[in-house]
Amino acid sequence: MSTELFMRGLFALLMGGCFCWAVHRNKSVEDTFDPEQKHQRYLPLVSGIVLPIFVSLTAVVMLVVRPAGVEESLLAMFFSLFLHISAYYLALLAMLPFLRRHFSAAACAALWLIPNYLYLTQQSFMELPAPALVLRLPMGTAGVLLAVWAAGAAAVMLFKTVSHLRFRRQVLAPARPEEDPAALAVWQAEVETARFQKPKFRLVRSPAVVTPLSVGLFERTTRVVLPEKAYSPEELALIFRHELIHIGRQDAWSKFFLAFCAAMCWFDPLMWLAMGRSADDLELSCDEAVLQNESDQRRRQYADLLLTTAGDGRGFTTCLSPGAKAMRYRLKSVVKPAKKFTGGVLVGAVFFVLCMTSGYVTLAFDAGTGADVLFDGQDPAVCAISSARNWNSEDQEELLCLDEQGFIDFLAALPLDQLAGNYSYDDGPRETILIWDTPQGVLSTVFYEKAIKVVPLYDERMESAWYAVPGGMDWGRFDAFFEPRPALDIVFEDESGQRFADIGASLWYLEQNGSVLEDRAGSPEDVSGVFGYEEARQVRFSFSLPVREYSVTVEPENGAPYTLSMKELPEPDTLPLNSGPAHYRVQASLEGRNGAYSAEFRFAVGDAG
């Protein structure tokens, strides 16, 4: 498992635990009738405004700042978030009958709202190793698609907002403050029981409604509206409790969130169905809380209220009974409540799965060929490889390019797509890093199984660009241009042959076909070595390429130098160490694909001067 996947899993587990705790906490607080308790009794299951704020602010900031590829980034963000939410709601719709039968209505309502926190998956600390599926779009279409998507979403949200405001005006324009002392007494008692601290919402009556309802997103502008109808004190208590639960849980914002999701997925008819089902679960959850620990008589009284108050709940309004579609199920749940699981663990587990599966499908845009994008707009012919190596957790194998121009031609013809999303690509079996000297400065290209990362190191921002390779990297052709750079690995062993240390010898000189590729004689540096290993008795050699022959020259700190050929070693590729500090020079002839290499490696043992 990659570090990125572990961190995402850990964070998702912590957030899932928080949701589990919140569901159980809410039930515990709602069940508490202690008058000394100061905390508000009805609390939000999940905040309903988080994802809309994140999406809106991110879009505004990016459109104002306009970084490179802003249209592609925004389209990919919308796609990643709302494709996942659509798929999740489809699964939730299929499972809803089972969930409603076995889990509390509060848990079912929370399941509709937990996608609010999927914005976390867009953060860099939640990046994935790699996408499972990349959908390819032509370059230049992102702006058009984003405009169409945003226009549809804006039109739907504008319609819903205007509809809500018109409905609010129709309801409140003829409304008057409630003046009946008996109703106000019941109202005040329920507000105190709900433990609201300095409530800013108000109770009014309006001839424009036929069912009790609450209208308003903000507490200061929220009104609990009664129709011009007489209710008994017992009925008023149930009505007020129902509406206060909606206000305390911020269900108006929950309906706003669900409308926002429907607007963002305006082209998906299942999202409109999901919005209706989610509203039903909010009402079922409210019914459940209203009737907690109530008698059968009170339940029948509440059922009578539902039957006689079916009405209108447009916009982001919450009301006692917004329609008759869910009436049969609601009445059954009210009159004959079944014993169900609280569902906190279910909510936490579902969020964990939802978070861990987010982002595995992403977009990529046709960026052209490697010649267009890999060299940051520079002519590939004037770029030269200065360093190449295979990088993984076990080894860092240096490479030599056998045909640099041929390799540049291979890259220049490679079709590439520009990737969107947060991915590290460090969880695959292969990672090859090439450093280039270019007219503008040093350029880094990192090759993975299905992607390439380009980082202009000469740029102060050093922003990386990711490109998908359709069909994956052709490692067969790629590797044909390289072979391992001549290297010598040394394993130190004690008297019993037990391995206890290993190092790479310093490459001091390298020549092939008369061309000197490495020569440190003019500027000698410290050689690699080990110090303080008194138990070291011998070393085993491991060359990166097939070896023709080699010899070892030992230069003791005290004593005369001596040389051993490979045939004079007591065991194949095993050199007995000098009893004291010494320098060692290994001169070898190694077999390469383009001819033999003449190489000299050096290492030291002990405090050799």
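## Salt bridges across the fold

A salt bridge here is a side-chain nitrogen of Lys or Arg within 4 Å of a carboxyl oxygen of Asp or Glu. By that rule, the structure holds 16 salt bridges. The model is predicted.

One of them joins Asp417 to Arg136, with the closest N and O atoms 2.7 Å apart. Asp417 sits in strand β10 (residues 415–419) and Arg136 in strand β1 (residues 133–137), so the pair ties together parts 281 residues apart in sequence. The two ends differ in exposure. Asp417 has 3% relative accessibility and counts as buried. Arg136, at 46%, counts as partly exposed.

## A buried pair

Glu178 and Arg205 also meet through their side chains, at 2.3 Å from N to O. Glu178 belongs to the loop between β2 (176–177) and α6 (181–194), while Arg205 belongs to strand β3 (residues 202–206), so this salt bridge ties together parts that are 27 residues apart in sequence. Glu178 is buried, with a relative accessible area of 8%. Arg205 is buried too, with a relative accessible area of 9%.

## A salt-bridge network

Glu398 forms a salt bridge with Arg485, and their closest N and O atoms are 3.7 Å apart. Strand β9 (residues 396–401) carries Glu398, and the loop between β15 (482–484) and β16 carries Arg485, so the pair ties together parts that are 87 residues apart in sequence. Glu398 counts as partly exposed at 35% relative accessibility. Arg485 is buried, with a relative accessible area of 17%.

This pair is part of a wider set. Arg389, Glu398, Arg485 and Glu518 are linked in a network of salt bridges.

## The four-stranded sheet

Strand β16 follows the loop that holds Arg485. Four strands form an open, antiparallel sheet in the order β17-β16-β21-β24. The edges are β17 (499–504) and β24 (574–576); each has a single partner strand, so one side of each is left without a neighbour in the sheet. On average, neighbouring strands of this sheet are turned by 25° against each other, direction ignored.

Strands β16 (residues 488–493) and β21 (residues 538–543) pair in the antiparallel sense over six bridges. Across this pairing, Ile490 stands opposite Phe541 in β21.

## Nonpolar cores

The largest nonpolar core has 85 residues. Val55, Phe82, Tyr89, Leu111 and Ile114 have the most contacts inside this core. Helix α3 gives the most to this core, with 15 residues.

Take Val55. Leaving aside neighbours within four places in sequence, Val55 is in contact with Met77, Phe78, Leu81, Phe82 and Phe260. Apart from this core lies another, of 32 residues. Its members include Leu545, Leu569, Leu577 and Val605.

## Helix α12

Helix α12 covers residues 344–356 and has 13 residues. From first C-alpha to last, α12 reaches 18 Å, close to the 18 Å expected at 1.5 Å a residue.

Which residues of α12 are buried? They are Gly344, Leu346, Val347, Gly348, Val350, Phe351, Leu354, Cys355 and Met356. These buried residues pack against α1 (3–30), α3 (70–102) and α4 (105–113). Helix α3 thus appears twice: as a packing partner of α12, and as the element that gives the most to the 85-residue core.

How values were computed. Residues are numbered from 1 along each chain as its sequence is written. This is a predicted model: local features need pLDDT of at least 70, side-chain atom pairs count only at pLDDT 80 or more; totals for chains, interfaces and linings use all residues. Side-chain values use heavy atoms; hydrogens and water are left out. Helices (H or I, at least four residues) and strands (E, at least two) are DSSP runs, numbered from the N terminus. The expected span of a helix is 1.5 Å times one less than its number of residues. Buried means under 20% relative accessible area, exposed over 50%, partly exposed in between (1.4 Å probe, protein chains only). Contact means heavy atoms within 4.5 Å. A nonpolar core is a set of buried Ala, Val, Leu, Ile, Met, Phe, Trp, Tyr and Cys residues joined through side-chain atoms within 4.5 Å. Two strands pair if DSSP finds at least two bridges between them. Axes are lines fitted to C-alpha atoms, for helices over the stretch in contact, and angles run from 0 to 180 degrees between N-to-C directions.
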